[in-house]
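Below is a colleague's note, to be read alongside the coordinates. Please check each point against the model.

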Amino acid sequence: GLPGERVVVERGKVTVYSGSEEIKIAGETNGFVDKKLGPDEYFVLGDNRYNSFDSRNWGPVPRKNIIGLTRLKIFPINEFELIKTPTSL
């Protein structure tokens with residue numbers, strides 16, 4: 001989730017509300033969250049959602065704590081792609 005978005009984790013599903021758009025995040029998960037992100041907050045999830053400690057456990061991450069960017073998506077293999085890197089976050 002990005003600043004200003006609302007993230008809802010409920011009944012095993014993750015949904016991000018961005019303005020009028022509703023984005024369903026693939027994959028099952030656990031926990032419950034309903035959080036509107038502030039101007040410098042990011043909601044992050046680990047790859048192994050049932051065993052990851054992430055924003056569901058310790059809350060949103062401030063921008064200053066993000067030190068890496070995704071460059072390549074490998075799995076699932078049918079969704080292999082290079083990720084466009086934003087010029088700024």
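The points that follow take the sheet before turning to one loop residue.

1. The model under discussion is predicted, and its strands form an open sheet of 4 strands in the order β3-β2-β1-β4, paired in antiparallel fashion. The edge positions are taken by β3 and β4, and because each of these has a single partner strand, one side of each is left without a neighbour in the sheet. On average, neighbouring strands of this sheet are turned by 15 degrees against each other, when direction is ignored.

2. Within the sheet, β1 (residues 6–10) and β2 (residues 13–18) run antiparallel and are joined by 5 bridges. To place the pairing at the residue level, one may look at V7, whose bridge partner in β2 is V16.

3. Where does E28 lie? This residue belongs to the loop between β3 (21–25) and β4 (33–36), that is, between the two strands that stand at the edges of the sheet. Its relative accessibility is 41%, and E28 therefore counts as partly exposed, since that class lies between the limits of 20% for buried and 50% for exposed.

4. Which residues does E28 touch, if those up to four places away in sequence are not counted? The contacts are with G12, K13, R49 and Y50. With one of these, K13, the side chain of E28 makes a polar contact of 2.5 Å, and K13 falls within the range given for β2 (residues 13–18).

5. As a further distance to check, E28 and N51 are 23 residues apart along the chain, and their C-alpha atoms are separated by 12 Å.

Definitions and conventions: Residues numbered from 1 in each chain as written. Predicted model: local features only at pLDDT ≥ 70, side-chain atom pairs only at ≥ 80, totals over all residues. Heavy atoms only, no water. Buried < 20%, exposed > 50% of the residue type's maximum accessible area, 1.4 Å probe, protein only. Contact = heavy atoms within 4.5 Å. Polar contact = N/O pair within 3.5 Å; in protein donor to acceptor, adjacent residues only side chain to side chain. Pairing = 2+ DSSP bridges. Axes fitted to C-alpha atoms, helices over the stretch in contact; angles between N-to-C directions.
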